[in-house]
Amino acid sequence: MRITVIGTGYLGAVHAAGMAAFGHDVLGVDVDAAKIERLAHGVAPFYEPGFPDLLRENLDAGRLRFSTSLEEAAAFGDVHFICVGTPQKPGSTSADMKFVDAVIEGMAPHLLRPCLIVGKSTVPVGTAARLTEMVARLSPAGEQAQVAWNPEFLREGFAVNDTLHPDRLVVGVASADAEATLRQVYATILEEGTPYVATDVATAELVKVSANAFLATKISFINAISEVCEAVGADIVPLATALGHDARIGNRFLAPGVGFGGGCLPKDIRAFLARAEELGIDEALGFLRNVDAINVNRRHSAVNLARGMLGGSLKDKRIAILGAAFKPNSDDIRDSPALSVANALQSQGAQVRVHDPEAIENARAAHPLLNYTSEVHKAFEGAQLAVHLTEWQEYRDLDPLHLATLVTTPHILDARNALDIDHWRAAGWTVRAMGRPAR
Ligand code: NAD
């Protein structure tokens with residue numbers, strides 16, 4: 001099939017290469033000419049394990065091309081995937097729909113024949129219905145250009161596998177034709193027996209935000225219990241392990257720490273609540289306000305714990321920051337708890353040095369006033385405290401005996417509960433971890 005993917009960021013670039021891997025002819029389109037240039041030359045514009053190979057294989061096979069022209073996309077595609085960003089609107093908690101709307105406004109006037117526009121971006125419920133009207137009004141193809149919604153569940157760090165072998169397919173369609181087209185697009189995945197849910201467009205839009213609301217709630221739940229542990233000197237780590245053994249609860253997304261960040265969960269729960277307010281049903285989702293507040297509060301708690309470990313003042317204290325990305329195996333720093341904590345420590349007088357295996361370039365561009373190093377040992381040199389904020393394997397593999405010789409005082413705060421703290425303590429370190437008692 002001839003497929004276009006509009007918006008080639010973390011989601012769209014991998015989706016475009018994945019569709020080509022399924023044997024489709026794919027055109028990826030973005031307004032960012034530099035990004036398109038890199039993709040066209042087989043250079044990944046972000047860090048995602050396995051993506052460079054997938055990109056190059058499909059460019060070489062001649063199934064994947066890139067362009068900045070929506071007019072070209074309209075002429076080329078039978079199916080158009082919309083994968084542009086839906087960030088938090090400045091000064092508001094709702095989603096900024098200007099990128100999605102710009103795609104429809106830019107492409108619809110050039111749609112001359114029947115086609116299917118498939119939204120993958122995470123959007124407020126009601127978006128597909130609104131876009132259907134826009135397309136009918138703006139495109140020469142009129143109602144022959146249909147709109148469907150196919151939410152994406154890929155996880156950064158596992159995006160290639162999640163795209164080629166998703167755990168489920170959800171398609172929101174307004175007609176049998178649209179469903180048949182999507183079945184054809186995803187024939188390879190459906191042959192694997194992947195769970196498949198076909199529904200109306202509004203339900204499909206809601207599946208995605210509901211999934212993220214649930215995941216965020218699970219994380220904030222364990223972090224709320226973590227605060228109780230801190231108040232009474234109990235230990236959140238064995239508590240979470242014990243909860244996780246209950247198959248009804250499960251241990252995934254039950255890791256206590258500094259909370260969630262990234263380009264999805266925080267803005268998605270806020271936008272979900274904002275949409276519920278518009279619909280006059282915000283009481284039903286009021287708990288998401290607490291989920292958000294608990295999450296943001298973990299960042300303050302990490303700063304307070306760090307200050308406490310440094311004797312009550314951060315002024316002129318040298319702190320090694322381990323991690324900048326919002327999670328490991330990604331260079332995505334959007335709403336990263338690590339950078340939020342690093343900035344707060346610096347604004348209270350500390351001298352921070354931030355290390356990350358992959359995200360330094362993005363972090364420096366967004367937070368130029370922080371100090372960075374690409375060598376983890378340099379972050380430790382002369383430090384009075386290290387704060388572990390992104391659970392990269394590299395940090396689990398560090399040698400605390402050697403690092404103790406580099407620092408001024410061997411103090412570490414494990415804000416992710418991911419280090420072997422007995423090992424660090426045995427090497428002479430004073431260790432504090434969120435939700436765990438001091439020893
Ligand atoms: P991103 O910022 O990495 O990518 C968005 C891309 O869209 C950018 O390259 C931008 O230049 C491009 N763009 C903006 N306006 C455009 C236009 N008018 N025409 C063409 N391109 C345009 O964002 P992302 O992380 O890929 O997320 C995209 C959407 O997917 C969001 O709604 C997000 O919530 C959702 N999502 C993301 C993930 C994830 O893990 N990143 C997972 C599931 C869903």
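In this predicted model, His-388 sits in strand S12, which spans residues 385–388. With a relative accessibility of 0%, His-388 counts as buried. Leaving out residues up to four places away in sequence, His-388 touches Leu-322, Tyr-395, Leu-413, Asp-414, Ala-415, Arg-416, Ala-418 and Leu-419. One of these partners, Leu-322, falls within strand S9 (318–322). A separation of 100 residues in sequence divides His-388 from Leu-288, and their C-alpha atoms lie 27 Å apart in space.

Strand S12 also takes part in the surroundings of helix H14, where it is among the elements that cover the buried residues of that helix. Helix H14 runs over residues 337–347, and its buried residues are Pro-337, Ala-338, Leu-339, Val-341, Ala-342 and Leu-345. Besides S12, the cover over these residues includes helix H13 (287–309), strand S9, strand S10 (351–355), helix H15 (360–366) and strand S11 (371–373). The N-terminal end of H14 is capped by Ser-336, with a side-chain oxygen 3.2 Å from the backbone nitrogen of Ala-338. Just beyond the helix, Gly-349 adopts a positive phi of about 105°.

The loop that leads from strand S9 to helix H14 holds Asn-329. Although Asn-329 is not a glycine, its phi is positive, at about 65°. Asn-329 is partly exposed, and its relative accessible area is 30%. A second residue of this kind is Phe-253, which is not a glycine either and has a positive phi of about 60°. Phe-253 is placed in the loop between helix H11 (236–244) and helix H12 (265–278). What is its state of exposure, and what is its relative accessible area? Phe-253 is partly exposed, at 39%.

Helix H12, which follows that loop, contains Asp-268. Is this acidic side chain's residue, Asp-268, buried or exposed? Asp-268 is buried, with a relative accessible area of 4%. Not counting residues up to four places away in sequence, Asp-268 touches Thr-122 and Asn-212. Thr-86 is 182 residues from Asp-268 in sequence, while the C-alpha atoms of the two are 9.0 Å apart in space.

Another buried acidic residue is Glu-48, at 3% relative accessibility. Glu-48 belongs to the loop between helix H2 (33–40) and helix H3 (51–60). Its contacts, apart from residues up to four places away in sequence, are Val-14, Arg-155, Glu-156, Gly-157, Phe-158, Ala-159 and Val-160. Within this set, Gly-157 offers a backbone nitrogen that lies 2.9 Å from a polar atom of the Glu-48 side chain. Glu-48 and Asp-331 are 283 residues apart in sequence, yet 7.8 Å apart in space from C-alpha to C-alpha.

A further buried loop residue is Thr-194, whose relative accessible area is 9%. Thr-194 lies between helix H9 (187–191) and strand S8 (196–199). Which residues are in contact with Thr-194 once its neighbours within four places in sequence are set aside? They are Pro-166, Asp-167, Arg-168, Leu-169 and Ile-189. For Ile-189, the backbone oxygen lies 2.9 Å from a polar atom of the Thr-194 side chain.

Turning to the fold as a whole, the protein has 19 helices and 14 strands. The radius of gyration is 23 Å, close to the 22 Å that the globule rule gives for 439 residues, so the protein is as compact as a globular protein of that length. Taken along the principal axes, the C-alpha atoms fill a box of roughly 70 × 50 × 40 Å. Buried residues account for 53% of the 439 residues. Of the contacts between residues at least 6 apart in sequence, 72% join residues at least 24 apart.

The protein exposes about 18,400 Å², and carbon and sulfur atoms supply 53% of that area. As for charge, the protein carries 40 positive and 52 negative charges, and the mean positions of the two sets are 5 Å apart.

Note on methods. Residues are numbered from 1 along each chain as its sequence is written. This is a predicted model: local features need pLDDT of at least 70, side-chain atom pairs count only at pLDDT 80 or more; totals for chains, interfaces and linings use all residues. Side-chain values use heavy atoms; hydrogens and water are left out. Helices (H or I, at least four residues) and strands (E, at least two) are DSSP runs, numbered from the N terminus. The radius of gyration is taken over C-alpha atoms; the globule rule is 2.2 Å times the number of residues to the power 0.38. Buried means under 20% relative accessible area, exposed over 50%, partly exposed in between (1.4 Å probe, protein chains only). Contact means heavy atoms within 4.5 Å. Accessible areas come from the Shrake-Rupley method with a 1.4 Å probe; for residues, only the protein chains shown count as cover. Lys and Arg count as positive and Asp and Glu as negative; His and the chain ends are not counted. The place of a charge is taken as NZ of Lys, CZ of Arg, CG of Asp or CD of Glu. A polar contact is a pair of N or O atoms within 3.5 Å; within protein, one must be able to donate a hydrogen and the other to accept it, and residues adjacent in sequence count only if both atoms are side-chain atoms.
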